[in-house]
Amino acid sequence: MRRLTAILTGLMLIIITTVSGTAVYAVNQSDNTDPTVYTYHRNNDNEQTSESDEQDATDATESTEAGSTDNSEDEEDIPTPSKSKVDTSWFDYKNKKKTYTIKTEAQLRGLASLVNEKQAAWKPNHTENFRNTKFVLANDIKLSGPWAPIGHGSSYSFQGTFDGNNHTISGLKIGTGYDYSGFFGYLKGSVVNLNVEGKVASNNPCTGTIAGRIDASATITGCTTHATVTGKDKTGGIVGESKGGTVELCKNRGKVNGTYKVGGVVGENFGGKIIKSGNSAEIKSTTRNLGIYGTGGVAGRAVSDGSVVRECYNTGSIISETEGTGGVVGFANARGSRIVSSYNTGNIVVKAAEEGKKKSKAYSGGVAGIVCDNEVIIANCYNIGTSLGADVSGGVVGYYTDKNNRPPKLHITNNYFVNSQYKWGIGIINDSQGATIEDCAVGISLGALKNASGRLSSKFRNDSSGIYGNAGYPVLRWQDKLSEDDKEYLKGISVDAQKRLDNYMTKHVDSLMVGEIIINIFNTTNLLQNSIKLSGDK
């Protein structure tokens, strides 16, 4: 009975809103051994400061304020692992295999030990990076104690492939004291099809659920995270800092709290690629007046040549104190940096400076907060999220500057925002008053945006019936139909029928016979059959 009621309620919502010519999505969204823990020495690689840090002239003079985060209810001092007890019996360093299966928590901790610690019993003693080696997770694993990240520096990094096999590692708890914090600390290899749940807390940069830092050889594909992440700078839901690596087909569903360079997917995207990925959780940053920093729904910053954010989305709210806050990217610079075919539906709130305390201005944009170099490309994006509290805000870009004083439409094209929510498409242009610019940052109505996929690119499709979970607004073609948490009202209706109903609603949203639908609402089968028949699909 509950299922039938949910189905009828969902269909009634579709029908009632169709009277006004649009359809609004409205559903409820909303065996192993004892734990193996150990200690290892801190990162002794003495790595040079990253290029991204060198861009920030004020980094060397960061105040005490930069070292604190507003962790509120999510902060927890998680104890650091301290005992050396691991299961490495599955690995024979004299007879290595190409593939290993991980079945227990102890074996999983053994993998971490082999990467992080020199094994005294080996002659000569050394660590393993597992290059060209594959690990397959055989089942879900719930961690029963604190976790030490796999890899803690360039010389102590995982370089193989870890295949989660669509299983979940839950109970992740990482405390303070690590240079790179995440299930993997420092990653040079690949992670695929892994789900991770838990909590990551750090008082250092480079904090994420899957990895603290990834380098150019690393890839993270098909992963989903639902962890509370709390860090300093370079904090992200999936990855803290990407130094040229690739994150693809990943989704973050856990809150992210950091000081600056904070993103729903990646905190600092330095020359890396974020493709077909998204965030649906709250993002929060807590520091301003240290330099040009960013907070974004997908990436806090997208900097360096070749930085790419493509076919990505953010639906989570953003609460920011940094200079540049964007629905997709907070701060973007460097020739060739791209933000394309992406969207934001999350609302932005920028916190005001404390009374009597002088701070730099804050800019927010529905797609990008600050664009601070020539030839940054932003194309085929849209924003329906609102912005409050920024000194200057724009529907697409908050602040745009070009060192040669060239107009933004040379590289910013075909982007849309809601014209009733913002005064300008770009808030400031080359230090002058902003503007709404045709073929660049175009303001249109909410109703027009619901059927705007044709204006954007072939990467989008309309979601008129809300089946794809975006309140009727365009979605990216790679996106799934509703998350597992959002499917209650459609249980019992086949995926094929859902697709056909969506197609029908899209084609006939302005001409549906409302009276006939209300009659048919009492017979779900008839409604679906009629929609399939009228849609012309076979």
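Start by selecting the sheet of this predicted model: 11 strands form an open sheet with parallel pairing, in the order E1-E2-E4-E7-E10-E14-E19-E24-E29-E34-E39. Now pick out its edges, strand E1 (99-102) and strand E39 (412-413), each of which pairs on one side only.

Next, show helix H3, residues 105-116, which packs on the sheet. H3 touches E1, strand E2 (134-137) and strand E4 (161-163), and its direction makes about 135 degrees with that of E1.

For a closer look at one pairing, select strand E7 (residues 190-192) together with strand E10 (residues 219-221): they run in the parallel sense and share three bridges. Zoom in on Val191, whose bridge partner in E10 is Ile220.

Keep Ile220 selected and move on to the nonpolar interior. Ile220 is among the residues with the most contacts inside the largest nonpolar core, along with Phe158, Phe162, Phe183, Leu194 and Ile378. That core has 70 residues, and H3 gives the most to it, with five residues.

Which residues is Leu194 in contact with, leaving aside its neighbours within four places in sequence? Display Leu137, Phe162, Gly164, His167, Ile169, Phe183, Ile210, Gly222, Cys223 and Thr224 to see them. Apart from the largest core lies another, of 18 residues, including Tyr343, Ile444, Leu456 and Trp478.

Finally, colour by pLDDT. The protein has a mean of 79, and 72% of its residues reach 70 or more. Residues 1-82 have pLDDT below 50, and this stretch has 211 contacts in the model beyond near neighbours in sequence. Select residues 508-538 too: pLDDT stays under 50 there, and the model has 40 contacts for them beyond four places in sequence.

How values were computed. Residues numbered from 1 in each chain as written. Predicted model: local features only at pLDDT ≥ 70, side-chain atom pairs only at ≥ 80, totals over all residues. Heavy atoms only, no water. Pairing = 2+ DSSP bridges. Helix = DSSP H or I, 4+ residues; strand = E, 2+ residues; numbered from the N terminus. Contact = heavy atoms within 4.5 Å. Axes fitted to C-alpha atoms, helices over the stretch in contact; angles between N-to-C directions. Core = buried A, V, L, I, M, F, W, Y, C linked by side-chain atoms within 4.5 Å. Buried < 20%, exposed > 50% of the residue type's maximum accessible area, 1.4 Å probe, protein only. pLDDT = per-residue confidence, 0-100.
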